[in-house]
Amino acid sequence: MRNPLLKDTFREIKGTLSKFFSIFAIVALGVGFFAGIKATSPDMKITADKYFDEYNLMDMRVISTIGFNDKDVDIIKKVSEAQGVLPTYSIDALINVDNKEMAFKVLSLPMNKIKKPDRSYINRTKLVKGRYPEKLGEAVAEKNKMLKSNLSIGSKVKLSSGTDKDIGESLKNNEFTIVGIVETPYYVSAERGTTDIGNGKIDSFIMISEKNFKIPRYTDIFLTFKETEGVFSYNDEYDNILEPIRKKLNNIGKVRSKEAYNEIVSEANKKLDISRKELQKAEEESKKELNKAYQEILDGENKIVKGEKELHDKEIEFNKIVKEAEEKILSGKKDLKRGEEEYNQKSQEFNKIKNKAETEFIKGEKEIKFAEKELNEKEAELNELKTFLETNTNLPEEERIGLEKKYSGGIEQLEYGKRELEKSKAKLENKKNQLSMAEKEIIAGKEKLDSSKKQIVLEEKKLQEGKGKAESEFVTGHKKLANSRKELENGKREYEEGKREAEEKLADAHKKIADGEEEIKDIKDPKWYVIKRNQTFDFIDYEMAADRIDAISKVFPVFFFLIAALVSLTTMTRMVDEQRTYIGTLKALGYSKFSIALKYIIYAGIASISGSIFGVLIGFKVFPTIIFNAYRIMYTMPSIVTIFNWPYAIISMAFGVFTTTLAALISSYKELKETPALLIRPKVQKSGKRIFLERIKFIWSRMNFSQKVTARNIIRYKKKLFMTILGVGGCTALMLAGFGLKDSIVDIVDKQFNEIYEYDMTIGLKNQTRSEKQGDIKNILNKNKGISDYIFANEKNINVIVGKEEKVAFLVVPEDIDDLRNFINLKSRTTNEKVPLTNDGVVITEKLAKMLQVQVGDEVYIKDEDNRKIRVKVSGIAENYVSHYIYMSPILFERLYNQEIRYDGLLAKTVDTSKGFENKLSTNLLKNPEISSVNFITGMSSSFEDTVGSLNHVVLVLIVSAGALAFVVLYNLTNVNISERLREIATIKVLGFYDNEVSSYVYRENIILTIIGTILGLFMGVFLHRYIILTGEIDSMMFSRDIRFVSYIYSAILTILFAASVNFVMYFRLKDIKMVESLKSVE
Amino acid sequence: MAKYIELNEIRKIYQMGEVEIKALDGMSFSVDREEFVIIVGSSGAGKSTVLNILGGMDSPTSGEIIVDGNEISGYDERELTSYRRHDIGFVFQFYNLVQNLTALENVELAAQICKNPLDSEMVLKQVGLEYRKDNFPAQLSGGEQQRVAIARALAKNPKLLLCDEPTGALDYNTGKAILKLLQDTCREMGMTVVVVTHNTAIVPMADKVIRIRNGKVENISLNENPIPVERIEW
């Protein structure tokens, strides 16, 4: 330190530490912000790349519509570039977590490779907590910050397939205990993809041992390549390496697909053959059965006919028998009659005889009786004689003999008489007997007659009975027959039905076979999809996030830096100005210009170099870390790796040092040009000037004294005016741009998902639907009360070409061009007028039109996946913010493509947008086999909101930095302002101005300049915002062009607030100004 | 009889690190109403300090100052400001005009803040500058600027007019003219004036001359018949 000039320089620094520090600070702020923001995007990518390398993220993922077998794997392994090849399994499953059904991706862990540094273990996991599975029933889960319900160690989960199939077909185990928490570079974003089970969105993943999987084919093959080792994945070089390999694998895929296709088709054919045979058999069988049934019916009929005949015969016979019997009875009756007649005759005769005989008998009896009496008398006489004789034994004998003779004669006579009587008696008796015999005979005859009569009656009765019985029998017989006939008819009908049924069944079977044939025809070639690492959602999503930062850092930090440079330049210039006398003295002493200027160069150099270094060191650390940590809410990533980004460090430092030091050089050179004599004398004060305002008398005269002073002051120092306004305005502009950027990004969500998309959900269909099949789906949707309106639409990826420009977009063909307006609001952003979709041309979205430089009426080429190029006129340009769309009417589509339009999805409106309702609705819809996916606008918008939401933090960083800059700028400028006017201030203090009068004397100017600067800054901010958006917009997105009104308010208020706080700090400085300053000589 | 201005044993000690500098070391003097006083001394005698203390720009370490019956040595910051505002008119060596204000406006700047100011234009006329009233300081010569400064001080209608080397930055003739102006206007207006200078040549024009050295009053002499400035040569 021999050199007194150098000594002086360092003393100067020491003496003006606050000035030195303010230059240091502003350079540090400018450089740090610029370098830090600029480095953020590269740092983010570097961090990701390092993470990917560390955990061996696949370079490529191959999937196929039908999976892979070992042969596929072997062939892939033979690809020369391949370093690691990992075939894995994955399935989608439902898990009930906290009573909510969630869809999980179930991934396989190659257990034998987990702990080894095996290059063929791709997409390695980072064990955050716990351990890896050791048993089949164990799994590891992730800790996803965006998920509300997480699985934790010890949680037990039960998997279900979410389809009709049993999960047991795919997995050995379906119950798992979570034993560890992992992170994997495979899943970096919060999105886990879509599925066709559950509510259509994968919520999270678990990983289980690969031994658990029973599915026959691998689902994914991951690959890494030798060439990509050490290559930065976000560079073109990386893609240049991958692209040829992708093509190669694609070709392999084509070949293998064809083979697989043949296998599948032949298998399907085999199956079809079996069904054909089965059908044939079934046909024969049914024929046989039918024949048998028919025969049975015939038999039945015969039987009935026979039965009828028999019955008939029986009837005839019966009738004959009845007739005979009747005849017999009739003849019996006749005989009986005759018999009766005979009998009556006989009996009459007999009665005559009887009567005669009886009379005779009576006579005879009388005679007998008489005879008997006579006899009895004679006997009595005899007996008397006898007794006389006996008594009279002494009688003469004559007499006695006479008497005895008489007696013996009498006895003889008596005896005779007796005999005779007896005889007649016998005769009578005989005759009597005879009569009774005859009577008996007659009675017998009568009896006989009676019995035959009885017989006849009996027989008649019998006949009658028999007849009745037979008749009832016949009736039942007839009835029976009728029944049988009925039965037969039924049988016949049944037969007919059966026949028809069988025919139908067979026809069905035929149709099925035909369908099967059709299906075989329809079997699409299985397709391999070869996905490069830089084509995966997670990779791109993260890259986009980093690119957004990059986009913002294109303009914002530059502008920031310029403001800082401007202020450091002002400060430095002012410093040199103040040292005028000193410079003159040195010059007078004979120092060379260079050695005098060196002081200021060194001063500025030290301040700016140390400021730059400090800024760069802090900036590289702080800004990337803050921003990245904001992003880590959404991305599962390790801590950021901040590197010392040499290019940005050098650029920012060089510029920071250059502007400050150059300012010192130029202003000192300006002073040095003058002669020492002039320099030593006080600088000719800049004359006061009348300002134009004074000419407007009615304003000027109304202004009070200090207002006039302020007005003059403002206008007097044009440079200061310019600097202040620019500095303040710049900060306001930066803040407005920051707020506006936030608005632009946040507004996308609202504008895209609420204003432009009026539908609430999209439904994906499994198959492209031909118009005739739409009815089924319409039925399903009409029945669903949750859906209020819907429209069929086809959406496919296409490329739009104008000249050499080629952009990716979605071609959307709605079912009905008029109905479309209920679902998508096609309108012009600037005029708000509806953009109609016609059959003459397509409506394309604004950003696409801008990128392709297309106007209404121009023509564009549309190239589809089959590389067909079709020319079409643009009939309208519509407002749109996310992705690019081309809307085309179905009629135009069919005309251009010469093929029937098929719809692969629907847009629908729902009656409710609550989470619960949507989950239910989507679960419901996904049960339908035709529906493959359901997506809700709320879900899309909220996930998009999350994505852009992290930008809020970034914007906050920008706003805070801009605020800090505003503070520093205002501080600096006020500082300069005060030190320039130190004498004046001291003077008015001497004049007796109170402190507040002094400050308002100084501040009024500041306040006015701040307000002017703020207003100007708002205008500048609009342009800056527009510029940032135009330069920083991502291709696939259009940021909203509007800045919300509150953002203007915020930026203005913040600026004014900063100005106020600077003034507050400065108040003390003003108070401290010594009045003695006014006594000093003018420098 | 109470003096109009009275300084009693005024001490002002600056502590510069470990060194005590006694700028004023027990200074006492008085000034009568409408008196024209010149304080002379060489550099470092304590002229500026006494001026600062008289002018209310600084407070003494000890001692008392009474101005028109008010003890200002005990004033706080704000009272001192009011004192400057209403009671003191100050004329600086380098005029200290506000560059951005015209002559008239510079006068008004001071006039607008005090209780009963004189009419600015009239005062300006009094100092002979009415024809320059709309000129900016940069357009005026040094003498003219000092006249404006005097007008500015007078317009306040102060109790005491303090002048710090009013001719220090001026050439001889102009200096003389300014001193004459001071002398004449004070006579006319009955103003009490204290001029601080190192120029001993002008002391004959004063009613009272206070010579100071090393922070102390060396001697005080009264001129029965002050000589008009025109007759003084130096």
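**Entry 1: A:Arg533**

I looked up which residues A:Arg533 touches, and, leaving aside neighbours within four places in sequence, I found A:Leu57, A:Met58, A:Asp59, A:Met60, A:Ser233 and A:Phe539; two residues are in contact if their C-beta atoms, placed from the backbone, lie within 7 Å. I noted that this is a predicted model, in which local features need pLDDT of at least 70 and side-chain atom pairs count only at pLDDT 80 or more, while totals for chains, interfaces and linings use all residues. Residues are numbered from 1 along each chain as its sequence is written, and chains are lettered from A and ligands numbered from 1 in the order in which they are written.

A:Arg533 sits in the loop between strand S11 (528-532) and helix H6 (537-578) of chain A, where helices (H or I, at least four residues) and strands (E, at least two) are DSSP runs numbered from the N terminus. Is A:Arg533 buried or exposed? I found A:Arg533 buried, because 24 other C-beta atoms lie within 10 Å; the cut-offs are 20 or more such atoms within 10 Å for buried, 12 or fewer for exposed, and partly exposed in between, with C-beta atoms placed from the backbone. I also checked A:Leu242, which is 291 residues away along the chain from A:Arg533, and the two C-alpha atoms are separated by 8.8 Å.

**Entry 2: helices H2 and H6 of chain A**

From the loop I moved on to H6(A), which packs with helix H2 (residues 17-54) of chain A at an angle of about 165°, their axes being 9 Å apart. Axes here are lines fitted to C-alpha atoms, for helices over the stretch in contact, and angles run from 0 to 180 degrees between N-to-C directions. H2(A) and H6(A) are therefore roughly antiparallel to each other, since angles over 145 degrees count as roughly antiparallel, under 35 as roughly parallel, 65 to 115 as roughly perpendicular and the rest as oblique. I sorted the residues of this contact of H2(A) with H6(A) into 22 nonpolar, 7 polar and 5 charged; Ala, Val, Leu, Ile, Met, Phe, Trp, Tyr, Cys and Pro count as nonpolar, Asp, Glu, Lys and Arg as charged, and the others, Gly among them, as polar.

**Entry 3: strand S13 of chain A**

I then followed strand S13 (residues 787-802) of chain A, which runs antiparallel to strand S19 (residues 903-910) of chain A and is joined to it by 6 bridges; two strands pair if DSSP finds at least two bridges between them. A:Ile791 has A:Leu907 as its bridge partner in S19(A). Another 10 bridges join S13(A) to strand S14 (residues 805-814) of chain A, again antiparallel, and there A:Ile798 stands opposite A:Ala809. S13(A) and S14(A) form a hairpin with 2 residues between them, and A:Gly803 in the turn has a positive phi of about 60°. With strand S16 (residues 859-863) of chain A, S13(A) shares 3 bridges in an antiparallel arrangement, and A:Val800 faces A:Ile862 across that pairing.

Within S13(A) I singled out A:Asn794, which is buried, with 20 other C-beta atoms within 10 Å. What does A:Asn794 touch, not counting residues up to four places away in sequence? I listed A:Val813, A:Ile901, A:Arg902, A:Tyr903 and A:Asp904.

**Entry 4: where chain A touches chain B**

I counted 23 residues of chain A in contact with 27 residues of chain B. On the chain A side, helix H13 (705-716) and helix H20 (982-990) are the elements that give two or more residues, and H13(A) gives the most, with 5 residues. That side divides into 10 nonpolar, 8 polar and 5 charged residues.

I looked further at H20(A), where 8 of the 9 residues are buried, so the helix is largely enclosed by the rest of the structure. Its buried residues include A:Arg983, A:Glu984 and A:Lys989. After H20(A) comes A:Gly992, whose phi is positive, near 100°.

**Entry 5: a sheet in chain B**

Last, I traced an open sheet of 6 strands in chain B, ordered S6-S7-S8-S3-S9-S10, with mixed pairing. Its edge strands are S6 (88-91) and S10 (216-222), each of which pairs on one side only, and the twist averages 20° from one strand to the next. Inside this sheet, 5 bridges join strand S7 (residues 160-164) of chain B to strand S8 (residues 192-197) of chain B, which run parallel, and B:Cys163 has B:Val195 as its bridge partner in S8(B).
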